[in-house]
Amino acid sequence: MPPSQLTRAVIAGLLVVLVTTWSAAANGGQVRVANYPIGPYEITVFTSPTPLRTGTVDVSVLLQHRETKAIVDDAQIVLTIEPVSGSPSRQYPVTREQATNKLYYAAEFPVDQPGSYRMRLDVRAPEGAGAVEFDVTVERAGSSLWRSWWLWGAIVLLQIPLWWWLFGDRTQVRGQTKTRPTPASKR
């Protein structure tokens, strides 16, 4: 492989890695509860983004049998989020349909105000039920350039000439030089 093609391949590979890592966001994040026992089960809870900011918040739950570590199907999970300030609480279903990784149960919901919140997960499954609570702090989302739609649009548009440069038609015939015809001299 000629050096210029190798350079293009490396740049293309790096772009693919960057794009795929930017898009991996949900069903993971910061561990809030790890292997907490609920009846014959254990629950692990993740929240994202990290740190939590106003806007859309994702809570992901991994529910397993304590002895075998097998994933629990057919659980009903409800998330209650309550501001510590005493404002009214809100409830959200935590389901497999909302999860990008189907081993998890997940809920996505908006949080409009920064502050301290208590989250409670009520779990009901075929062999037992229980609950787990934890506190989180939600920060005010800054106006980051990386979250602006116009910046992402500009990045996409700037990639077009880059991809053309990397993979555009650059065929050359070896041993031949292209010459421009000269105008006929006047007599």
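Start with the whole chain in view: 2 helices and 8 strands make it up. Keep in mind as you go that this is a predicted model. Colour by secondary structure and trace the chain from its N terminus, and you will meet the elements in the order α-β-β-β-β-β-β-β-β-α.

Before zooming in, switch on the surface. The accessible area is about 12,800 Å², and carbon and sulfur atoms account for 58% of that. Of the 187 residues in the chain, 30% are buried. If you draw contacts, count those with a separation of 6 or more: 53% of them link residues 24 or more positions apart.

**First stop: the sheet 1-2-3-6**

Select strands 1, 2, 3 and 6. They form an open sheet in the order 1-2-3-6, with antiparallel pairing. Which strands stand at the edges? Highlight 30–38 and 105–111: these are strand 1 and strand 6, and each has a single partner strand, so one side of each lacks a neighbour in the sheet. Turn the view to look across the strands, and you can follow a twist that averages 20° from one strand to the next.

Now narrow the selection to strand 1 and residues 41–48, which are strand 2. The two run antiparallel and are joined by 6 bridges. For a landmark in this pair, pick Gln-30, which stands opposite Thr-47 in strand 2.

**Second stop: Thr-47**

Stay on Thr-47 and show its side chain. Is this residue buried or exposed? Thr-47 has a relative accessible area of 0%, so it counts as buried. Add Arg-32 to the selection: the side chains of Thr-47 and Arg-32 make a polar contact at 2.8 Å.

Next, bring up the surroundings of Thr-47. Setting aside neighbours within four places in sequence, its contacts include Gly-28, Gly-29 and Gln-30, along with Leu-52, Asp-58 and Val-59. Phe-134 is also among the residues in contact with Thr-47. Leave Phe-134 displayed, for it lies within the range 128–138, which is strand 8, and that strand belongs to the next stop.

**Third stop: the sheet 5-4-7-8**

Select strands 4, 5, 7 and 8. This is an open sheet of 4 strands, ordered 5-4-7-8 and paired antiparallel. Its edge strands are strand 5 (90–94) and strand 8 (128–138), each pairing on one side only. Ignoring direction, neighbouring strands here are turned by 20° against each other on average.

Finish with residues 115–125, strand 7, alongside strand 8. How many bridges join them? There are 11, and the two strands run antiparallel. To see one facing pair, centre on Val-123, which stands opposite Gly-130 in strand 8.

Methods. Residues numbered from 1 in each chain as written. Predicted model: local features only at pLDDT ≥ 70, side-chain atom pairs only at ≥ 80, totals over all residues. Heavy atoms only, no water. Pairing = 2+ DSSP bridges. Axes fitted to C-alpha atoms, helices over the stretch in contact; angles between N-to-C directions. Buried < 20%, exposed > 50% of the residue type's maximum accessible area, 1.4 Å probe, protein only. Polar contact = N/O pair within 3.5 Å; in protein donor to acceptor, adjacent residues only side chain to side chain. Contact = heavy atoms within 4.5 Å. Areas by Shrake-Rupley, 256 points an atom, 1.4 Å probe, with all protein chains shown as cover.
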